[in-house]
Amino acid sequence: MLNNYPYDRGVSMIYGTKLLDTDSELFAAALSKTPVFVWSLDQLGVYYQVTTGIIVKYTPDHVQVYNENNTTISTWYSRETSEFSIAF
C-alpha cells in the first residue's frame, strides 16, 4: 500500500489507532458499525485524517465509507493510497 511513499508496513498504528490491514478486519469493522478513521499521506509523508465514518462496502481495491457527520454522503477510498484504522 502507499507505493509512492516510503512506508514501513510493520507499523501497526497511526496516532494511537489500530490499522485495519486485512479483509477480515474491514469486514468486522463494517459488521459492527465501528467508526473508522480514513488516513492519507501529505506531500511530506505525514499522515492526516481525511474523515471518520462507517464502512459500507469494500473491495480488494477500495473501501466505501459513510461520512460520520452526514450519513447520506459516502465516498470510495483507494486501499492503495489510504489507510483505515479504529480507536482502541
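1. Strands here are DSSP runs of E with at least two residues, numbered from the N terminus. Val-46 lies in the loop between two of them, β3 and β4. The model is a predicted one. Val-46 counts as partly exposed because its relative accessibility is 38%, which falls between the 20% limit for buried and the 50% limit for exposed. Leaving aside residues up to four places away in sequence, Val-46 touches Tyr-15, Ser-40 and Leu-41.

2. How far can the model be trusted? The mean pLDDT of the protein is 85. A value of 70 or more is reached by 85% of the residues. The weak part to flag is residues 1-11, where pLDDT is below 50. This stretch still has 21 contacts in the model beyond near neighbours in sequence. Where pLDDT is low, predicted coordinates should not be read in detail. I would handle the contacts of residues 1-11 accordingly.

3. Next, the overall layout. The protein has 1 helix and 7 strands. Along the sequence, the order is β-β-α-β-β-β-β-β. There are 88 residues, and buried ones make up 32% of them. Take the contacts between residues at least 6 apart in sequence: 45% of these join residues at least 24 apart. The accessible surface comes to about 5,400 Å². Carbon and sulfur atoms own 55% of that surface.

4. Now the β3–β4 hairpin. β3 covers residues 36-41 and β4 covers residues 47-58. The two strands pair antiparallel, over 6 bridges. Between them sit 5 residues. In this turn, Gly-45 has a positive phi of about 85°. Two bridge partners help to fix the register. Val-36 is matched with Gly-53 of β4, and Trp-39 is matched with Gln-49 of β4.

5. β4 also pairs on to β5, which covers residues 62-67. These strands run antiparallel and share 5 bridges. The hairpin that joins β4 to β5 has 3 residues between the strands. Which residue of β5 partners Gly-53? The bridge partner is Asn-67. Gly-53 is thus a useful marker: Val-36 is its partner from β3, and Asn-67 is its partner in β5.

6. β3 deserves a closer look. Of its 6 residues, 5 are buried, so the strand is largely enclosed by the rest of the structure. β3 has a pairing with β7 as well as with β4: the β7 pairing is antiparallel, over 3 bridges. Trp-39 stands opposite Glu-83 in β7. In β4, the partner of Trp-39 is Gln-49. Is Trp-39 buried or exposed? Trp-39 is buried, because its relative accessible area is 6% and the cut-off is under 20%.

7. Aromatic pairs come next. How many does a search of the whole structure find? The search finds 1. The partners are Phe-37 and Trp-39. Their ring centres lie 6.1 Å apart, and the planes make an angle of 45°. The pair is classed as tilted, because its angle falls between the 30 degree limit for stacked and the 60 degree limit for edge-to-face.

8. Helix α1 spans residues 23-32. Leu-26, Ala-29 and Ala-30 are buried in it. Seen down the helix axis, the buried residues fall within an arc of 100°, so they line one face. An α-helix has 3.6 residues a turn, so residues three or four places apart point the same way. On the other side of α1, Ser-24 and Leu-31 are exposed. What covers the buried residues of α1? The cover includes β3, β4, β5 and β7, the last of these being residues 83-87.

9. One backbone angle to check is that of Lys-33. This residue comes just after α1, in the loop between α1 and β3. Its phi is positive, about 55°, although Lys-33 is not a glycine. Most residues other than glycine have a negative phi. Is Lys-33 buried or exposed? Lys-33 counts as exposed because its relative accessibility is 61%, and the limit is over 50%.

Key
Residues are numbered from 1 along each chain as its sequence is written. This is a predicted model: local features need pLDDT of at least 70, side-chain atom pairs count only at pLDDT 80 or more; totals for chains, interfaces and linings use all residues. Side-chain values use heavy atoms; hydrogens and water are left out. Two strands pair if DSSP finds at least two bridges between them. Helices (H or I, at least four residues) and strands (E, at least two) are DSSP runs, numbered from the N terminus. Buried means under 20% relative accessible area, exposed over 50%, partly exposed in between (1.4 Å probe, protein chains only). Contact means heavy atoms within 4.5 Å. Rings of Phe, Tyr and Trp (its six-membered ring) pair if their centres lie within 6.5 Å; planes under 30 degrees apart count as stacked, over 60 as edge-to-face and the rest as tilted. The arc is that of the directions from the helix axis to the C-beta atoms. pLDDT is the predictor's confidence in each residue, from 0 to 100. Accessible areas come from the Shrake-Rupley method with a 1.4 Å probe; for residues, only the protein chains shown count as cover.
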